[in-house]
Each structure stands twice: as C-alpha cells, then as structure tokens.
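Colleague: Please take a close look at the part of this model where one pair of helices packs together, and then set that part in the context of the rest of the chain.

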Amino acid sequence: MPVFDNILQAIGRTPLVRLHKLVGPRDAAVYAKCEFMNPGGAVKDRMALYILDKAEREGRIKPGATIVENTSGNTGMGVALWAAVKGYRCVFTMPDKMSSEKVNALKAFGAEVVVTPTNVAAEDPRSYYETAKRIHRETPGSFMLNQYHNPDNIEAHYRLTGPELEDDLRKAGLTLDAFVAGLGTGGTMSGAGKYLKEKFPQAKNVGADPDGSVYLDYFKTGKLVQPHVSTSRASWRRGGWRARRACSREDRPVRPCTSPSSWPRRWARARPSWSSCPTAARATSPSSIRTSG
Ligand SMILES: Cc1ncc(COP(=O)(O)O)c(C=O)c1O
C-alpha cells in the first residue's frame, strides 16, 4: 500500500471485486466497486474532494471560510474530512430522522450540525435545504457545495470515477456491457456513465432509483409528477407512503427546477429508456430537494 501524507490522498482507487454469491456461475460476470472503502465510507468522498479542491484552487474558498451543505451524512463525511485536513470550519444541516451516530460521527470530525425537521416541504424555511441556504447567505465568505445543482459533481465522476473504472477494467482485461449505479443526485451516473459510454460505446448505463422518486413516475408514465409529500392518512393510502419510504434513503431529488421543455430534448421525449434517460441530465435538472446526502 502507498504511504499518504494525509487522509484525502486515500480517497479513490477502491477495489473492483467480482461477486460470486449474488450471481450464478452461468450469469454475467458482475463486479462491485467497493466505494465504502473510501475514508469517509462512501463514493461521496470523491465528489467532495473534487468540488472543494477546485473551489479552493479557484479562490472561491478562501482562508477562514466556512463550508456549508445539507446532508444526511455521507456527503458530510467527505466534506468534514476535507475541512479537517485543510483547516476550514464546516456546518451541516441534517434532517431529524438521521441517527445520532451519524450526527456524532460528523461532529467527531469537527463539523457543526444543525438538525432540522424532516416533515416539511423542501421550500419551507425550516427544511434542511433552506436552512443550509440561509446559513450560507448569512455567513460571509462561506461556500456551499450544492451537490444537486453543482455541475462539478458530474465533472468529478467524469474525471475521476469513470477513468478509474476504465483503468480497473482494462488492467483486468475486461470490457463493459453495463454500468449500474444508484441515482441519488445523478452525479455518479451522469459523470462516470458519460465517460464509460464514450470508452465502451456498447455499454448500457442503468440507474436505480426507489419507488417514490419522481423519476420513477417519469419513467413509467412519461409525465413529471409533483413530489408527493404528505403525512395525511388519505395520502398515505393513495401512495404518500411511497414517498415516505423513499425518504429514508439519501439524496433524493423531488422536483425538477426547470420545465421539461428546457431539459435536453433527448431526455424530454416521452418514455425514455434507462440507457438514455439519466445520463448527463439527472444532476442538472432537479432543483428542489426534500432529503439529501
Ligand atoms: C452511500 C451512497 N452511495 C451513492 C450515492 C449516489 O451518489 P451520487 O448522487 O453522488 O451519484 C449516494 C447518494 O445518493 C450515497 O449516499
């Protein structure tokens, strides 16, 4: 193993491991990129490192700055690591559904955590998204990652994750038929997916998103639905439970920021296929987030 000067240098170069138990011997060869082996415990370390390094290099983060982000934990870990190594203050807003372990882990890295109510709409000033924006507005010289709307999120995966995967595959003499990733902000799929598609044109990009995501409805019906945020019994019966169940996962966008007509035409066509839908469009389209990573 290489010797590193600091923990940030240990981000990335995660192992690609063949899965033998989840797939049978006659199935396709399936490999998992072990992103949990990043120092902060998730793929989010890559994006945090890339966005923050770039912003610091370009003078958008200056000495003494505060880093602000709404997070349900994983992004926060990457950001907190970066801030601890580089000597910046960081403040996270987290919904109150998150476990105290997650909050305490972030605090252990020196972060300040502001806990906000979970069951309010994204545009409510009490939501963790709006609270983070307010803290950013009110803190001079602060920098907000804004992972859902920051194109550097996609760029991080286009420049780092995609090439790393290509390198892993080529060194092992493998090719690629399908790249599968959870969608979340769309950063991994849009960035690494775009890169891999360029290098392995025959490969399909497959994004997974939970029941309750607006993208699931869009995929099934070709129509964008309003996010279903409700706690009433009737709406739970009508399907609000789907949204609530999905709330328990990280980084779920719930409302597109622009009208579908302003989205890439290829993507706005009714009933996209998974291979054409999320790539390069996902992370730039949603603006309003109910819960995030
Ligand atoms: C553990 C974990 N892995 C993967 C993802 C997806 O990451 P991204 O949205 O940055 O592509 C998320 C967030 O949604 C996450 O929390």
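Modeller: The account below begins with that helix pair and then moves outward to the strands, a second helix pair and some individual residues.

The model is predicted; local features are reported only at pLDDT of at least 70 and side-chain atom pairs only at pLDDT 80 or more, whereas totals for chains, interfaces and linings use all residues. Residue numbers start from 1 along each chain as its sequence is written.

The pair in question consists of helix H5 (residues 151-171) and helix H6 (residues 187-199), whose axes lie 7 Å apart and form an angle of about 45°. That angle makes H5 oblique to H6 (under 35 degrees is roughly parallel, over 145 roughly antiparallel, 65 to 115 roughly perpendicular, and the rest oblique). Axes are lines fitted to C-alpha atoms, for helices over the stretch in contact, with angles from 0 to 180 degrees between N-to-C directions. Helices (H or I, at least four residues) and strands (E, at least two) are DSSP runs numbered from the N terminus. H5 crosses H6 in the right-handed sense, that is, the near helix is turned clockwise from the far one by less than a right angle, anticlockwise being left-handed.

On the H5 side, the residues that meet H6 are Asn-153, Ile-154, Glu-155, Ala-156, His-157, Tyr-158, Thr-161, Gly-162, Pro-163, Leu-165 and Glu-166. Their counterparts in H6 are Gly-187, Thr-188, Ser-190, Gly-191, Ala-192, Lys-194, Tyr-195, Leu-196 and Lys-199. Divided by class, this contact of H5 with H6 holds eight nonpolar, eight polar and four charged residues. Contact here requires C-beta atoms, placed from the backbone, within 7 Å; Ala, Val, Leu, Ile, Met, Phe, Trp, Tyr, Cys and Pro count as nonpolar, Asp, Glu, Lys and Arg as charged, and the others, Gly among them, as polar.

Strand E7 covers residues 178-182. Its side chains alternate: Phe-179 and Ala-181 point to one face and are buried, whereas Ala-178, Val-180 and Gly-182 point to the other face and are not. A residue is buried with 20 or more other C-beta atoms within 10 Å of its own, exposed with 12 or fewer, and partly exposed in between, C-beta atoms being placed from the backbone. Five bridges join E7 to strand E8 (residues 204-208) in the parallel sense, and Gly-207 in E8 is the bridge partner of Ala-181. For two strands to pair, DSSP must find at least two bridges between them.

Elsewhere, four strands form an open sheet in the order E5-E4-E3-E6, with parallel pairing. Strand E5 (112-116) and strand E6 (143-144) stand at the edges; each has a single partner strand, so one side of each lacks a neighbour in the sheet. E6 runs parallel to strand E3 (residues 66-70), to which two bridges join it; Val-68 has Met-144 in E6 as its bridge partner. Helix H3 (residues 100-108) lies across strand E4 (89-95) and E5, at about 155° to E5.

A second helix pair invites a similar description. H1 and helix H2 (residues 74-86) pack with axes 8 Å apart, at an angle of about 45°, and are therefore oblique to each other. Their crossing is right-handed. Lys-44, Asp-45, Met-47, Ala-48, Leu-49 and Leu-52 in H1 meet Asn-74, Thr-75, Gly-78, Val-79, Leu-81 and Trp-82 in H2. This contact of H1 with H2 comprises seven nonpolar, three polar and two charged residues.

Several individual residues also deserve mention. Asp-53 lies in helix H1 (residues 44-57) and is partly exposed because it has 16 C-beta neighbours inside 10 Å. Its C-alpha atom is 9.8 Å from that of Lys-86, 33 residues away in sequence. Lys-133, in helix H4 (residues 128-138), is partly exposed with 17 such neighbours inside 10 Å; the C-alpha atoms of Lys-133 and Thr-93, 40 residues apart along the chain, are separated by 9.6 Å.

Most residues other than glycine have a negative phi. Asn-146, in the loop between E6 and H5, has a positive phi of about 55° although it is not a glycine. Arg-13, in the segment before strand E1 (16-18), likewise is not a glycine and has a positive phi of about 50°.

For the chain as a whole, the secondary structure comes to nine helices and 10 strands, and buried residues make up 38% of its 293 residues. Of the contacts with a separation of 6 or more, 68% are between residues 24 or more positions apart.

Conventions:
Two residues are in contact if their C-beta atoms, placed from the backbone, lie within 7 Å.
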